[in-house]
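Hello,

Here is the structure we spoke about. My notes follow below it.

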Amino acid sequence: MHVSRRWLARHCAFLQNIDAAELARELSLSTCEVEGVQRFAPALSDVTIGFVAERAPHPDSDHLSLTKVDVGSGELLQIVCGAPNVAQGQKVAVATIGTTLPGDFKIKKSKIRGVESQGMICSERELGLGDEHNGIWVLPSDAQVGKRVAEALDLVDWVLEIDNKSLTHRPDLWGHRGIARELAAIYGKTLEPLASALPAQGNAKPYAVRVESEKCSRYLALPIDGVKTGRSPEWMRHLLLAVGQRPIELLVDLSNFVMLDLGQPNHLFDRARLRGEPIVVRQARAAERMQTLDGVERNLVTTDLLICAGENPVALAGVMGGEQSKVGAETRELLLEVASFDPACVRRTSSRLGLRTDASARFEKNLSPTLALEATGHLVNLLRELQPEIKLPAPLTDAGKWKDPARKISLRTDVVRRRLGVNVEQLSDAKIVEILQRLELRCEGRDGVLTVDIPSIRATKDLTIEQDLVEEVGRIFRYGNVPEARLEGSLAPPPPDAKRVLVRKLEDRLAGVGRFRQTLSYSFVADASLAKLGLSELPHSSVINPVAEGLTRIRRGVAPSLLAPLEPNRRHSKDVRLFEIGKGYSPDGANEPREVHELALVIAREPSAANAKFDDNAFAFLRGAVDDVCFALRLEAPTYTKLARVDGAPYLHPGKTLAVRIGEREIGWLAALDPRVERELGLAGELKSDVALATLSLDALVATPTREKIYRSLPRFPGVKIDVALALPTGVAAEDVRVALERAGKGLARDIELFDVYTGPNAGPGRKSLAYHVYLESDERTLTDQDSQKFLQRVEREATTLGGELRKA
Amino acid sequence: MTETLESLFEPIRLRIAAAESDDDLRRIERETLDKGGAVAALLAGIPTLPPTERPLTGKRANELKGAIQAGLAEAKERLALRAVERERLGEGFDATLPGARPTRGGLHPLVAVTRELEDLFTSMGYVVLDGPEIESDENNFQLLNIPPDHPARDAQDTFRCDADGKFVLRTHTSPGQVRALKERVVPAIRAGTFAPPFRAIVPGKVFRQETTDASHEHTFHQMEGLVVGKDISVGHLIGAMKTLLRGVFGREIEVRLRPGYFPFVEPGFELDARCPFCKEGCSVCKRSTWIELLPCGLVHPNVLRNCGVDPEVWSGFAFGLGLSRLVMLRYGIDDVRLLLSGDLRFLEQF
Ligand SMILES: [Zn+2]
């Protein structure tokens, strides 16, 4: 909302002399958020009042004039002017050479059709005064030549831009008078009285109004006769322009002016167009339609509230008037409507139609029905000042079952101090009473208990309970006067938080030893991504109002989020290692969706060379990383078993998917990416990648018992290190070989490390070669060559059992 | 046997003295001590000598062998020392050669900052709580004193999950207050184990249905804070916020409270911090020297009551810190969309 200082000063003259930036600061600290302060039409301070001394046609043009203008500089300026209305003897606004007009338009000396022009005679639009552009702006004849336009015509004004959100709870601040009241309280001044008493009315029959819906608590209707339409007075035009309202025509402008002045929307019907039909306020019927005055045909629903003339809808209550009954140039008889509508009802209609108007914004804040009467009188009085000949033929109709919301709230001064954190020296009872009175909150009472009168305009919403009054006192007292205080309480540490500890360990281990980059992703997964991953058919939680089409669904798990960025990242990086700890959701009928909390990891790297070591690939790295985090978490070493598929993860390699278990508990899965999906994700050609991914459930991990590390005494006898190479059929699993070697070690094999897997042609058809470092060690004696020999003999036998043989080194 | 040891050894000694490398020494060793060498020749001649000369010649041969071995060992040591000295010259050393390029992992900047704040708050006895991203309308709005059709819902640009309006993507971490009150505070009060002041923070992801650009994002991170106890006041709130800022910026930062409207607090504030980056206005503070940092306030009595806490007995304060914004401020990130982009070129900078 824009607020003009000049406008505020109509209600509290003192404000005209306060620097606008200071007003902004004071409002910010006590009332609402001021987003900016701007000078109104700054160009007006740069242009000069000129007198058109001569005017002649341009020698070379039919529509240009050649003028000589006196700007008080002692010599006449020759200015070429294209406006049809320029004439000798006018006072005009002149932008001389060097002036910059709105739109960064700098006036330079120029030649127009061969004739030199030493400036420009401006139109209102060129000066930022609305969009009037039917020629130059002709100033009053008494304007003083040579003066700046803004100062001479008293058009200096400043505009405060107030954040509407910060006024959500303050229906009373949606007009200038409310803001002025607030500033008066801050400065300890009083507000000018408002001339809102209704002038005498004739004794014709009051206009018939029937309120059929309780969504309209008050409906005031007043016929006004003998009005004229036309241009609004300059002062009103300028105030409207200052707050960003386009002046249109007197009656429309006046209606807007009263709304922006008091915050009470109102409506003017051309009474002739109502054809004497009574006003009926009712809910819309199913499938009913009406045309609003923006020319749009609206489909209505039964929760909409209508103002009808007899049967015909003439306004969408609280939102917008109708096309048929709007005032026009020929309007002479008005029906003024000032009403109070149910905030939720207005809000629902305006949200549904996407029709947020100045009126709906105010009604939905819950205006006091008492304000309607005040606004009625104010509008009539303003109109009568401009057109003294108007008549009020009939008494005001006041329909509806309204109640005055004014109330009393009991306030304990001690509660004020305790909530703010101040003592009685800092904020005495007397000071509290003084602050309340400045805010027009009358109060009485003793022994620290006040009964506070809440005026109607503050009582609909904002001031309901005692704590609301704590805020009233606090904001005028100023929170900056509240001293900093420290919490006091028990020093007992909060209970341990196993999951958070787990998450931290995972993060540190993976970002450290694991050399993974942590990422965080959106919870939304694009339909296109889901399709690529084969997830489209799975039920997903979703939103019904997405930011973009195809972005409705919420991820069921974290892993899919890591796959989308692989392709762009692989363009810049040969080795992409990402992890994310996050949540996924799946729908559960009408219940709260089921939540999973997961760690997902992915490695995508350039495919290894054909002769690369057996563990030089994404899958092996990732498996090593999973082993390592389990180690870091002090869990038992995980075991891996082949899975045909993982439910909900159809993007995994059908032959390279493993379940990860700790003991009996399944904690997640580890897999290569399905090569088909890899292609779908654009990981082909130059970006062909070796991709492995894994997901571990945090809930499973946190439920898995940990084991403290136990120290083992250092070996007392030296052991022996033996390298063995086994030639085996390709089908033999490495794990079976490891078990065989352990058996051959007869309890002495302290470590068995696979260091080479050879499957090349030299292994022979259907054969492979596995090579191990085996470390034998005994707690009882020094091992000898004989022990090695016996071990090798046993290995030889084991190899035979596995269908292969021990290769001699 | 007329030749003395000296005459036998002298030519070899000269060769050893001239040796320039271990290879030279090995050659001398081979030619003198191996088959066909000087010592071998001496020994080979023994059977042809008269028996009386044989012992002497044998002795000579052994002496010569010993002398050669000693000479070689001494030369080897000399060469080794010389090599050490040469190494010590550091010839050809390029002081500007880069180190081996490390592969690094790293935490996401949002996580890094969240962890810092968690550490700061837990050190002051706060617990860290968690809540779901898909929240009930009840927790996200109604219990927070935002009934249906309340205009404050406008400011929230809510993603709705169903037409009945039962579930939404949480628009703020404030439902964390509701959960903390219902799940922690109320049970503790009932059980008689409540040790005020209860202190909690709730970091998490939040959602707003809004068009994205460099400074707007439909998904971002916040951290809610809640303190509940006896006579918790605005003064306590100011104290807690100053402590937070001291933790974040490592020095005293001036703050100010302005009225701000949030239906779940009363009074509600916007907390501004004196711009830590300038003295006279900069682009970060939009020339105002104040940075709007967080909304906060005293917990609205209705919220306490809605969650089963008696507002006549207990009061509290709450605040909502924009983590995404704080991270952007901290690192000078100019596009909020980078935070959740998964772009390694971004992530690798931290
Ligand atoms: Zn600054």
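**Cysteines, interface and domains**

There are zero disulfides in the structure, counted over all chains. One cysteine that stays unpaired is A:Cys345, whose nearest cysteine sulfur belongs to A:Cys216 and is 9.6 Å away. A:Cys345 counts as buried because its relative accessibility is 3%, under the 20% cut-off. Please keep in mind that this is a predicted model.

Chain B gives a second case. The closest cysteine sulfur to that of B:Cys296 is in A:Cys32, at 17 Å, which is too far for a bond. A disulfide needs the two sulfur atoms within 2.5 Å. B:Cys296 is buried too, its relative accessible area being 2%.

Next, the interface. How many residues of chain A are in contact with chain B? The number is 79 on chain A, and they meet 91 residues of chain B. Together the two chains bury about 7200 Å², with 53% of this area on carbon and sulfur atoms. On the side of chain A, the three residues A:Leu487, A:Arg517 and A:Tyr522 supply 11% of the area that chain A buries against chain B, more than any other three residues.

The polar side of the interface can be counted as well. Between chain A and chain B there are 13 salt bridges. One of the salt bridges pairs A:Arg500 with B:Glu118, and their closest N and O atoms are 2.8 Å apart. Polar contacts across the interface amount to 38 residue pairs, with both residues at pLDDT 80 or more. Sorted by class, the side of chain A that touches chain B consists of 29 charged, 28 nonpolar and 22 polar residues.

Last, the domains. Chain A is divided into six, as follows:

- domain 1 covers 2–40 + 158–187
- domain 2 covers 42–152
- domain 3 covers 209–399
- domain 4 covers 409–480
- domain 5 covers 498–703
- domain 6 covers 720–807

Between domain 2 of chain A and domain 5 of chain A, the C-alpha centres lie 71 Å apart. Chain B has domain 1 at 2–88 and domain 2 at 109–347, and the C-alpha centres of these domains of chain B are 88 Å apart.

Regards

Definitions and conventions. Residues are numbered from 1 along each chain as its sequence is written. Chains are lettered from A and ligands numbered from 1 in the order in which they are written. This is a predicted model: local features need pLDDT of at least 70, side-chain atom pairs count only at pLDDT 80 or more; totals for chains, interfaces and linings use all residues. Side-chain values use heavy atoms; hydrogens and water are left out. Domain bounds come from an automatic or database domain assignment. Contact means heavy atoms within 4.5 Å. Buried area is the accessible area (1.4 Å probe) that two parts lose on being put together, summed over both. A salt bridge is a side-chain nitrogen of Lys or Arg within 4 Å of a carboxyl oxygen of Asp or Glu. A polar contact is a pair of N or O atoms within 3.5 Å; within protein, one must be able to donate a hydrogen and the other to accept it, and residues adjacent in sequence count only if both atoms are side-chain atoms. Ala, Val, Leu, Ile, Met, Phe, Trp, Tyr, Cys and Pro count as nonpolar, Asp, Glu, Lys and Arg as charged, and the others, Gly among them, as polar. Buried means under 20% relative accessible area, exposed over 50%, partly exposed in between (1.4 Å probe, protein chains only).
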